[in-house]
Amino acid sequence: MTNGAEVARTDWPVLEAAHRALRGAIREIPIADWGLPTPCEGWNVAQVLLHAAGDQQAYAASLTGGPGPAYNPFEPATAFDGAPEDVLEPALTGAAEAWAAVEHDAAEVSVPIPPMKMAAELGVSACALDAAVHAWDIAVATGQPSPLTAELARPLLTAARQLVEPLRGFAFGPELPAEEGDDDVAALLRYLGRRPDWSPPQA
């Protein structure tokens, strides 16, 4: 939700699709559900939102030299003040505006993940991957349909295979083995160490 404000646009379809997924995932979540567990072990829904917003701010800061998140995205608070849109929207807008200024054929841009510099197309895919997978985390934790589509998952998996290994054990878990019947979305999730059939633990 943007409360009537204009959404920042880019000409990077993968980033716009990932941002739409994340915006949609936080829409109309009941207050009580922000404390629910998520596929990110040890983190509740509020923490995943704060982490995702902080990561988008970090990508924008890497590109622009501006300020990054005011907190460590890997040590997010367990709750936030105000509306979730107030947490997320400035981060998505900042990232979208930063990437809108990047040429598609740029051979090297700064990013907040190893190796810290990469081609623009891979860098924007890394930013989109972060937003999209956390959209999935939030959606499944709160009983919503998956916001990931095959159209989005395919390019993200291609990018993930170039990005994820240095981040195993830190930002992503071990790759899970493929299973018969996996679609593009399941393949992406398993590569990122997530179970496509994840459901909240029973009390």
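## A tour from the fold to the pocket

Begin with the whole chain in cartoon view: in this predicted model, the secondary structure of the protein chain amounts to six helices and two strands. Followed from the N terminus, the elements come in the order α-α-α-β-β-α-α-α. Still with the whole chain selected, the C-alpha atoms occupy a box of roughly 50 × 40 × 30 Å along the principal axes. The radius of gyration of the protein chain is 16 Å, which agrees with the value near 17 Å that a compact globule of 203 residues would have.

Next, select the loop between α1 (13–26) and α2, where E28 is placed. The phi of E28 is near 65°, a positive value in a residue other than glycine. Most residues other than glycine have a negative phi, and most peptide bonds are trans.

The peptide bonds offer a second stop: move to the loop between β1 (109–110) and β2 (117–118), which holds P115. The bond that joins P114 and P115 is cis, with omega at about 5°.

Now select α2 and α4 together and hide the rest. Their axes come within 10 Å and cross at roughly 170°; because angles over 145 degrees count as roughly antiparallel, α2 and α4 are therefore roughly antiparallel to each other. To see the contact itself, show the side chains of V45, V48, L49, H51, A52, D55, Q56 and Y59 in α2, which meet G123, A126, C127, D130, A131, H134, D137, I138 and A141 in α4. By class, the residues of this contact of α2 with α4 are 10 nonpolar, four polar and three charged.

Keep these two helices in view for the last stop, since α2 (45–64) and α4 (120–141) each supply at least two residues of the lining of the largest pocket. How much space lies in the largest pocket? The largest pocket holds about 740 Å³, and among the 32 residues that line the largest pocket, H51, F74, F170, A171 and F172 are the closest to its centre. H51 is thus worth selecting twice, being listed both in the contact of α2 with α4 and in this central group. Colouring the lining of the largest pocket by class shows 22 nonpolar, five polar and five charged residues.

Methods. Residues numbered from 1 in each chain as written. Predicted model: local features only at pLDDT ≥ 70, side-chain atom pairs only at ≥ 80, totals over all residues. Heavy atoms only, no water. 1 Å grid on protein atoms, 1.4 Å probe; cavity = no way out; pocket = protein on both sides within 12 Å on 5 of 7 lines; lining within 4 Å. Points joined across faces, edges and corners; volume = space filled by probe spheres on them. Helix = DSSP H or I, 4+ residues; strand = E, 2+ residues; numbered from the N terminus. Nonpolar A, V, L, I, M, F, W, Y, C, P; charged D, E, K, R; others polar. Axes fitted to C-alpha atoms, helices over the stretch in contact; angles between N-to-C directions. Parallel < 35°, antiparallel > 145°, perpendicular 65-115°, else oblique. Contact = heavy atoms within 4.5 Å. Rg over C-alpha atoms; globule rule 2.2 N^0.38 Å.
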